[in-house]
Amino acid sequence: MSEPKYERIVLKLSGEALAGEDGFGIKPPTIHEICQEIKQVYDMGVEIAIVVGGGNIWRGQIGSEMGMERSQADYMGMLATVMNGLALQDSLENIGVPTRMQTSIEMRQIAEPYIRRRAIRHLEKKRVVIFAGGTGNPYFSTDTTSALRAAEIQADVIMMAKNNVDGIYSADPKVDQEAVKYDELTYLDIINKSLKVMDTTASSLSMDNDIPLVVFNLNEKGNIKRAVSGERIGTTVIK
């Protein structure tokens, strides 16, 4: 078994990744496959925290564009991440991976409230911790949540698993055939080039706290394990 390069990671999963080819809703077979990949890393002894998005159910920006008040639309998006978190939790526990879910908006019947020290303790006890509800504040993305939680729990890296994209490109490779893939970048490159990998707030927060980012294709089997093992896949972003 290969030795992990990182001891504690934040794995960022988009909501769309849980929808499979449908692009909308929650697809249990797809979630099961993702959880099997996560279990491979868990079995290596890596401490895993997961931040999950909600774009497969609702996007606050779309609601805002439809005329909905932005804060209201964002809160709906936060609730969507909780639904995804519960689906992930159930699937992980069904394959023998102990979990705890913490939400930034208190809902005690469903999950623990987010408490930094408790989250770290769960990780130390080898439980996968799922962070749902975003930051608990409107106007902040789940990318920013990933950077914030990674800083708070002192994670070694943020692993950003993308749907059918194998790294960071100079433009959208699905649209621009001239798009160039980057193997390594700095956070300033992302900000200055306006690369659409994570929002500026998340990039700045990660840069300020010197947390590396690895962006890779989730749809290729074994990629989470490869990334954690330090193989050169996708794009690595450093300070």
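Which residues does Ile 50 touch, not counting residues up to four places away in sequence? Select Ile 50 and look around: Leu 11, Leu 13, Ile 38, Leu 88, Leu 92, Val 128, Val 129, Ile 130 and Phe 131 are in contact with it, where contact means heavy atoms within 4.5 Å.

Before moving on, a word about what's on your screen: it is a predicted model, where local features need pLDDT of at least 70 and side-chain atom pairs count only at pLDDT 80 or more, while totals for chains, interfaces and linings use all residues. Residues are numbered from 1 along each chain as its sequence is written, and side-chain values use heavy atoms, with hydrogens and water left out.

**Stop 1: the whole chain**

Switch to cartoon view and you'll have 8 helices and 11 strands, which are DSSP runs numbered from the N terminus (helices H or I, at least four residues; strands E, at least two). Buried residues make up 51% of the 239 residues; buried means under 20% relative accessible area, with a 1.4 Å probe and protein chains only.

**Stop 2: the cores**

Now go back to Ile 50 and add Met 159. These two have the most contacts inside the largest nonpolar core, which has 39 residues. A nonpolar core is a set of buried Ala, Val, Leu, Ile, Met, Phe, Trp, Tyr and Cys residues joined through side-chain atoms within 4.5 Å. Select 28-42 next: that's helix 1, which gives the most to this core, with 6 residues. Apart from this core lies another, of 28 residues; try Val 51, Ala 147, Val 197 and Ile 211, which are among them.

**Stop 3: the largest pocket**

Keep Val 197 selected and add Glu 16, Arg 59, Asp 143 and Lys 162. Of the 46 residues lining the largest pocket, these five lie nearest its centre. Colour helix 2 (60-65), helix 3 (70-94), helix 5 (142-152), strand 6 (157-162) and strand 7 (168-169), the elements that each give two or more residues to the lining. Helix 3 has the largest share, 5 residues. A pocket here is an open set of points on a 1 Å grid over the protein atoms alone, where a 1.4 Å probe fits, with protein on both sides within 12 Å along at least five of seven lines; lining residues have an atom within 4 Å of a point.

**Stop 4: the second largest pocket**

Finally, pick Thr 30, Glu 33, Ile 34, Leu 218 and Asn 219. They are the closest to the centre of the second largest pocket, among the 15 residues that line it.

Notes. Buried < 20%, exposed > 50% of the residue type's maximum accessible area, 1.4 Å probe, protein only.
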